[in-house]
Amino acid sequence: MNGQGGYTPEECCLTTVPALRIYPPSQKASADIAWNKRECVGPTMQNLQVGPVHGNR
């Protein structure tokens, strides 16, 4: 195992992800958030979960 989510090296193509592209609520234009972390990538990878988004108060 490679330690990334328990995937084997055959399942995980460990890659540095420079940014996450998001679509803020009620917007059609995207925004990029700097990430620069190594992640497993591939068509069957499900590494990111999105929860409720709250604005600053």
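The accessible surface of the chain amounts to about 5,000 Å², and carbon and sulfur atoms account for 53% of that area. The structure described here is a predicted model, and the values reported below were computed from its atoms. Of the 57 residues of the chain, 9% count as buried. The secondary structure consists of two strands, with zero helices in the chain. Among contacts between residues at least 6 apart in sequence, 35% join residues at least 24 apart.

One disulfide is counted in the model. The bond is formed by Cys-12 and Cys-40, whose sulfur atoms lie 2.0 Å apart, and it links distant parts of the chain, given that the two cysteines are separated by 28 residues. Cys-12 belongs to the segment before strand S1, which spans 13-22, whereas Cys-40 is placed in strand S2, which comprises residues 31-41. The torsion about the S-S bond of Cys-12 and Cys-40 is about -100°, and the disulfide is therefore left-handed. Both ends of this link are buried: Cys-12 has a relative accessible area of 7%, and Cys-40 has a relative accessibility of 5%. A further cysteine, Cys-13, does not take part in a bond of this kind, because its sulfur lies 7.1 Å from the closest cysteine sulfur, that of Cys-12, which is too far. With a relative accessible area of 46%, Cys-13 is classed as partly exposed.

The two strands are also connected through charged side chains. The structure holds one salt bridge, which is formed between Asp-32 and Arg-21, with the closest N and O atoms 3.3 Å apart. This pair, too, links distant parts of the chain, since Asp-32 is in strand S2 and Arg-21 is in strand S1, 11 residues away. Arg-21 counts as exposed, at 57% relative accessibility.

Further contacts between the strands can be followed from Val-17, which has its place in strand S1. At 17% relative accessibility, Val-17 counts as buried, because this value falls under the 20% limit. When residues up to four places away in sequence are not counted, Val-17 touches Trp-35, Asn-36, Lys-37, Glu-39 and Val-41. For one of these partners, Lys-37, the C-alpha atom is separated from that of Val-17 by 5.6 Å, although the two residues are 20 apart along the chain. Lys-37 is also involved in an arrangement with Trp-35, in that the charged end of Lys-37 sits over the ring of Trp-35, at 5.6 Å from its centre. As regards pairing between rings, the count of aromatic pairs comes to zero.

Two residues deserve mention for their backbone angles. Most residues other than glycine have a negative phi. Ser-26, which is not a glycine, nevertheless has a positive phi of about 65°. This serine is found in the loop between S1 and S2, and it is exposed, with a relative accessible area of 80%. Asn-36, likewise not a glycine, has a positive phi of about 45°. In contrast to the loop position of Ser-26, Asn-36 is found in strand S2, where it is exposed with a relative accessible area of 53%. Asn-36 is also among the residues touched by Val-17.

Note on methods. Residues numbered from 1 in each chain as written. Predicted model: local features only at pLDDT ≥ 70, side-chain atom pairs only at ≥ 80, totals over all residues. Heavy atoms only, no water. Disulfide = S-S within 2.5 Å. Helix = DSSP H or I, 4+ residues; strand = E, 2+ residues; numbered from the N terminus. Buried < 20%, exposed > 50% of the residue type's maximum accessible area, 1.4 Å probe, protein only. Salt bridge = Lys/Arg side-chain N within 4 Å of Asp/Glu carboxyl O. Contact = heavy atoms within 4.5 Å. Areas by Shrake-Rupley, 256 points an atom, 1.4 Å probe, with all protein chains shown as cover. Phe/Tyr/Trp six-rings, centres within 6.5 Å; stacked < 30°, edge-to-face > 60°. Lys NZ or Arg CZ within 6 Å of the ring centre and 35° of its normal.
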